[in-house]
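Hi everyone, thanks for coming. I'd like to walk you through one structure today, taking the terms slowly as we go. Let's put it up on the screen.

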Amino acid sequence: MSTEPSYDLATGRGLIACPSCDALHLREDMAPGETARCIRCGHVLAKPREGAFVQLIALAFTSMVLLIGAVFFPFLEVSTFGFGNASSLFDVALAFADGVLLPLVIAVLAMIIGLPIARAFLLVYTLAPLAQGRPPYRHAATAFRWSEALRPWSMAEIFVIGTAVALVKVAGLASVHLGPAFWAFCALIFVNLASRSFMCRTSIWDALEQSGQAVDDRDPSGTSSEVQHRPASLADPQAGA
Amino acid sequence: MSAPTEPQSPVLTAHRAGLIGCRSCGRVWPQQETHCHRCGAELVPPDRRGLQAVWAWLIAGLIAYIPANVFPMMSTQTFAGLAGNSEATILGGVIELIHYGSWDIAIIVFVASIVVPVGKFIAIGWLAMVAGRPANVEQAHTRLKVYEVVEFIGRWSMIDVFVVAILSALVQLGFVASIKPGPAAVSFALSVAFTMLSAQSFDARLIWRGLPLRSRAATHRTE
């Protein structure tokens, strides 16, 4: 849309490199609902959605509530010959607290409970000020980077499939009832799916960059908040270099 | 999906433009920068040297996968060992499931803990060998597809670890039956984690480094 050069091949201003294949793209304004893909590998570069930040915050809170419920409510109930055992994940953690397999239990609980809660918290920390149009909190960029780096390690949906397999294995041995915590995990899968459809990293990074955080000494920010992708081109490129 | 329609003109990459792109947030910086000023991530040039980390994690994953198959995943004790005390390896667990007649679950476990890990070792090893080598656009797209599948599917191998964790937590019925996790559970979890790290440290940008600079150029450059 702009005819004046809004990019600089010497400093990288106004350019985006595809994280998957390194192809250079120009940053341009996008309307909500559009999706930008890499011309070479098809990697989604940006897909801004209207009101995505508020939605993401709401979904993050939802998953926090579900996860806290999932820790303390009974997960599965098993009974045979009158011996019964209803266990919440919290009980499980306590039961293994002194065994040699403690590291395994800690790792499993971290992957299914700890990391999802941590990610939800980091996301709220990053987005809450941005959604209200205020400058981000300190270290918001680090928080968001960690939240994205932890994504492959939070495995709630895999845990649900694992539970299904375990149910079949134990069915011959005892009768099993599903507890509320199991359904919380199922709900969590859908919350995660919804969250993923609203997530656009590029929009969040751009918002972080433009909302007053000094990210770059060559790139005096705060020049314009209404033009989405062009603040650097309006400013003097050599201002602080 | 954007089909490979562009190969007429070669694509300018950040690397060829003398710049460096951030793999975490996409921002582009001059080549001498070491950290992204926007997100704080380390800036790594697309370089075959980065493959050392891939190989290291892959070998660690392979080593951990051996005890994971040899030792029992879990041991089941029924009636304090009087009615039976069985230990099952990964493969043994699959066979047991087939005996129960639950083919569907047996297939899930077999795919998640044998087919996927072994396929992943082969796929990552192949990618690390061919990355950065001369290629045409179709080959590059094939490699990218393989990489995406490996990255997506890797986490699902954790199913078996979760099964053992749930069963051993749940089946603590004192005299009647109890299940204990075996040493293979830990080494299998480690193996999956190591191969996930291996896939993550693979730099997908290397897939495209081998493309010829000019579209019809027959002179494949070796570097």
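Let me start with one residue: A:His139 is found in the loop between α3 and α4 (140-149) of chain A. When I say helix or strand, I mean DSSP runs, H or I of at least four residues for helices and E of at least two for strands, numbered from the N terminus.

Before going on, some housekeeping. This is a predicted model, so local features need pLDDT of at least 70 and side-chain atom pairs count only at pLDDT 80 or more, while totals for chains, interfaces and linings use all residues. Residues are numbered from 1 along each chain as its sequence is written, and chains are lettered from A and ligands numbered from 1 in the order in which they are written.

Back to A:His139. Its phi is positive, about 60 degrees, although it is not a glycine. Is A:His139 buried or exposed? Neither quite: it counts as partly exposed because it has 14 C-beta neighbours inside 10 Å. The rule is that 20 or more other C-beta atoms within 10 Å make a residue buried, 12 or fewer make it exposed, and anything in between is partly exposed, with C-beta atoms placed from the backbone.

Now meet A:Asp22, in the loop between β1 (15-17) and β2 (24-26) of chain A. A:Asp22 also has a positive phi, near 75 degrees, and is not glycine. A:Asp22 counts as buried, because it has 31 C-beta neighbours inside 10 Å.

Next, chain B. Its secondary structure comes to 7 helices and 5 strands, and along the sequence the pattern reads β-β-α-β-β-α-α-α-α-β-α-α. Of its 223 residues, 46% count as buried.

Have a look at β5(B), where the side chains alternate. B:Ala177, B:Ile179 and B:Pro181 point to one face and are buried, while B:Ser178 and B:Lys180 point to the other and are not. The partner of β5(B) is strand β3 (residues 74-78) of chain B, antiparallel over 5 bridges; strands pair if DSSP finds at least two bridges between them. In that pairing, B:Ser75 stands opposite B:Lys180.

How do the two chains meet? The contact takes 57 residues from chain B and 56 residues from chain A, where contact means C-beta atoms, placed from the backbone, within 7 Å. On the side of chain B that touches chain A, the largest share, 9 residues, comes from α5(B). That side divides into 41 nonpolar, 11 polar and 5 charged residues. Here Ala, Val, Leu, Ile, Met, Phe, Trp, Tyr, Cys and Pro count as nonpolar, Asp, Glu, Lys and Arg as charged, and the others, Gly among them, as polar.

One residue to follow across is B:Leu167. Leaving aside neighbours within four places in sequence, B:Leu167 is in contact with A:Ala166, A:Lys169, A:Val170, B:Met74 and B:Ile179. Those three chain A residues are among the buried residues of α5(A).

B:Leu167 also turns up in the largest nonpolar core, which has 128 residues: B:Phe162, B:Leu167, B:Ala185 and B:Ala189 touch the most other members. Such a core is a set of buried Ala, Val, Leu, Ile, Met, Phe, Trp, Tyr and Cys residues joined through C-beta atoms within 7 Å.

Conventions
Two residues are in contact if their C-beta atoms, placed from the backbone, lie within 7 Å.
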